[in-house]
Amino acid sequence: EGEGEGEGEGEGPHALQEASGSATFADPLSARMLLQQFGSWSAVPEEVGATVTEVRAVRQDEATRRRYKGTAHLPDGATFRLAELDLSEVVSAEVMAIFEPELRKRAERRRREAEQERRAAAAAEKAEKAARKQHSRSRLALELLRASGRPIAHEEAPRIEVDGVYAAAWQAQQAAAAGPTFASMSRWGFAASGSPPSR
């Protein structure tokens, strides 16, 4: 895909843009297939009807400007999309055969990515179920238990965790309410009997 979106012999770079005018262009592979079929950009139809197989977002910089010559006019930092087109109804079987190895490689990559996404989603769902089981019943289940009048066992109560500054503040409040601990009394130099000195 290092070539631009097509440079016919004696022509400058061209790009096949999505009909609505959005920043979506045929990717270099699709452009090469069209040029292989029609010979030059001047012979490519003004409109090409094709299904989009894949869309990739690209952010313009010097590297993308050199790589995708058909979109070199876009400013640095601009985001545009490159669409791989299913041109099986546009180009001949001979052209499809020329590009079949690269098309097959892309199809295999998409299959692997889809499988990875499926596995990740399954793992996330499994982890979520495990977390729900660990943290006991849902709020609705607890409300139903309360409505039934049956006492809620400790293991059925929702688990509440406090962290960060709130945890520190909570611990300090609990310590103050419970009175001085043996460790704090030892730090004050008092651990046997009597009253602790003023802090």
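This is a short dialogue on reading a predicted model.

Q: What does the confidence look like over the chain of this predicted model, and what share of the residues score at least 70?
A: The mean pLDDT of the chain is 76, and 61% of the residues reach at least 70.

Q: Which elements have the lowest and the highest mean pLDDT?
A: Helix H6 (residues 182–187) has the lowest, at 49, and H1 the highest, at 94.

Q: Where does pLDDT stay under 50?
A: Where pLDDT is low, the predicted coordinates should not be read in detail. One such stretch is residues 1–12, where pLDDT stays under 50 and the model has 41 contacts beyond four places in sequence. Another is residues 185–193, with pLDDT below 50 and 11 contacts beyond near neighbours in sequence.

Q: How many strands form the open sheet, and in what order?
A: Strands of a sheet pair through backbone hydrogen bonds, either parallel or antiparallel. In this model 3 strands make up an open sheet, ordered E1-E3-E2, with mixed pairing. E1 and strand E2 (51–59) are the edge strands, each pairing on one side only. Direction ignored, neighbouring strands are turned by 30° against each other on average.

Q: In which sense do E1 and E3 pair, parallel or antiparallel?
A: E1 and E3 run parallel, over 3 bridges. Thr24, for instance, has Arg81 in E3 as its bridge partner.

Q: What packs on the sheet, and which strands are touched?
A: Helix H1 (residues 28–38) packs there and touches E1 and E3. The direction of H1 makes about 50° with that of E3. H1 is also the element with the highest mean pLDDT, 94.

Q: In which sense do E2 and E3 pair, parallel or antiparallel?
A: E2 and E3 are antiparallel, paired over 8 bridges. Here Val52 has Leu85 in E3 as its bridge partner.

Q: How much space lies in the largest pocket?
A: The largest pocket holds about 320 Å³ of space. It is lined by 14 residues, and Leu16, Gln17, Glu18, Ala19 and Val48 are the closest to its centre.

Q: Which elements give two or more residues to the lining of the largest pocket?
A: They are strand E1 (24–26) and strand E3 (79–86). E1 gives the largest share of that lining, 3 residues.

Q: What is the make-up of the lining of the largest pocket by class?
A: The lining has 9 nonpolar, 2 polar and 3 charged residues.

Note on methods: Residues numbered from 1 in each chain as written. Predicted model: local features only at pLDDT ≥ 70, side-chain atom pairs only at ≥ 80, totals over all residues. Heavy atoms only, no water. 1 Å grid on protein atoms, 1.4 Å probe; cavity = no way out; pocket = protein on both sides within 12 Å on 5 of 7 lines; lining within 4 Å. Points joined across faces, edges and corners; volume = space filled by probe spheres on them. Helix = DSSP H or I, 4+ residues; strand = E, 2+ residues; numbered from the N terminus. Nonpolar A, V, L, I, M, F, W, Y, C, P; charged D, E, K, R; others polar. Pairing = 2+ DSSP bridges. Axes fitted to C-alpha atoms, helices over the stretch in contact; angles between N-to-C directions. Contact = heavy atoms within 4.5 Å. pLDDT = per-residue confidence, 0-100.
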